[in-house]
Amino acid sequence: MKGSLIIVSFFVLGTLCGVFHLIPIDLSESKISYYALCGLMFCVGISVGNDPNTLKSFRSLNPRLIFLPAVTILGTLAGCAVVSLFLNHRTATDCMAVGSGFGYYSLSSIFITEYKGAELGTIALLSNIMREILALLGAPLLVKYFGKLAPISVGGATTMDTTLPIITRYSGQQFVVVSIFHGFVVDFSVPFLVTLFCSI
């Protein structure tokens with residue numbers, strides 16, 4: 001839990017630096033975040049490569065785990081459809097478009113803003129950021145009460161990058177490959193599902 005709070009604290013600190021222009025360089029126009037992500041993935045690769053039991057553990061996992069991304073997608077969309085019943089001013093397709101971001105806030109919020117306007121785009125941004133923060137902060141509790149796959153499913157598209165270290169820490173090294181596969185598939189589905197529900 002302490003590690004998750006530190007990560008979220010850095011996010012809050014970065015947000016404040018951006019709001020108050022405390023850093024003279026416009027990082028949003030640079031590729032620093034991309035290089036940082038590459039560095040993170042390199043470190044994860046080293047940790048996987050240094051542990052010969054990781055790939056052996058992956059081979060011993062249930063092959064049905066390849067369906068985990070599909071379950072995440074269907075579960076999220078079903079939840080969004082249920083939530084839409086309580087929101088009179090939003091249609092089911094609006095809610096499902098927001099949910100189809102799966103934590104990929106930078107892409108989904110842009111698509112939704114273009115198709116549905118700034119208000120729903122902002123809702124999508126906040127919703128997806130909250131999903132990522134929930135995965136970061138809630139990973140220990142999710143593993144404890146719902147099992148080791150729970151933080152992977154909650155993390156959505158972020159399980160191949162930002163939430164991967166937390167998932168590795170609490171679910172175990174043997175779930176690294178599953179987490180990366182899950183994140184890749186869910187991430188790949190975002191532009192198709194968001195545009196689909198926005199255009200209906």
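**Reading charged pairs and aromatic rings**

Me: I see that R90, at 17% relative accessibility, counts as buried. What does buried mean in terms of relative accessible area?

Reply: Buried means under 20% relative accessible area, so R90 at 17% falls on the buried side of that line. Bear in mind that this is a predicted model.

Me: OK, so who does R90 pair with? Which side chains meet R90 in a salt bridge?

Reply: The idea is that a side-chain nitrogen of Lys or Arg has to be within 4 Å of a carboxyl oxygen of Asp or Glu. Here, R90 meets D94 at 3.7 Å, N to O, and both of those residues are buried. R90 also meets the side chain of E119, at 3.2 Å, N to O. That second pair ties together distant parts of the chain, 29 residues apart: R90 is in the loop between α4 (68-84) and α5 (92-99), while E119 is in helix α7 (residues 118-146).

Me: And E119: buried or exposed?

Reply: Exposed, with a relative accessible area of 56%. So that bridge has a buried R90 at one end and an exposed E119 at the other.

Me: How many salt bridges does a search of the whole structure find?

Reply: Three. You've met two partners of R90 already, D94 and E119. There's also D94 with K116, at 3.3 Å, N to O. This pair links distant parts of the chain too, with D94 in helix α5 and K116 in helix α6 (residues 105-116), 22 residues apart. D94 is buried at 8% relative accessible area, whereas K116 is partly exposed at 34%. Put it together and R90, D94, K116 and E119 make a linked network of salt bridges.

Me: D94 sits in α5. Why is α5 largely enclosed by the rest of the structure?

Reply: Because seven of its eight residues are buried. Those are T93, D94, C95, M96, A97, V98 and G99. The buried residues of α5 pack against α4, α6, α7 and α10.

Me: Let's switch to rings. What describes a pair of aromatic rings?

Reply: Two things: the distance of the centres and the angle of the planes. A search of the whole structure turns up two aromatic pairs. One is F184 with F188, which is stacked, with 6.4 Å centre to centre and 20° between the planes.

Me: How many residues apart are F184 and F188 in helix α10?

Reply: Four, in a helix that covers residues 176-199, so about one helical turn separates them. In general, an α-helix has 3.6 residues a turn, so residues three or four places apart point the same way.

Me: Is F188 buried or exposed? And which ring besides F184 does F188 pair with?

Reply: F188 is exposed, at 53% relative accessible area. Its other partner is F192: that pair is tilted, with 5.4 Å centre to centre and 50° between the planes. Stacked needs planes under 30 degrees apart and edge-to-face needs over 60, so 50° lands in tilted. F188 and F192 are again four residues apart in α10, about one turn of the helix.

Me: What about the accessibility of F192?

Reply: F192 is exposed as well, with a relative accessible area of 52%. Taken together, F184, F188 and F192 form one aromatic cluster.

Terms used
Residues numbered from 1 in each chain as written. Predicted model: local features only at pLDDT ≥ 70, side-chain atom pairs only at ≥ 80, totals over all residues. Heavy atoms only, no water. Phe/Tyr/Trp six-rings, centres within 6.5 Å; stacked < 30°, edge-to-face > 60°. Helix = DSSP H or I, 4+ residues; strand = E, 2+ residues; numbered from the N terminus. Buried < 20%, exposed > 50% of the residue type's maximum accessible area, 1.4 Å probe, protein only. Contact = heavy atoms within 4.5 Å.
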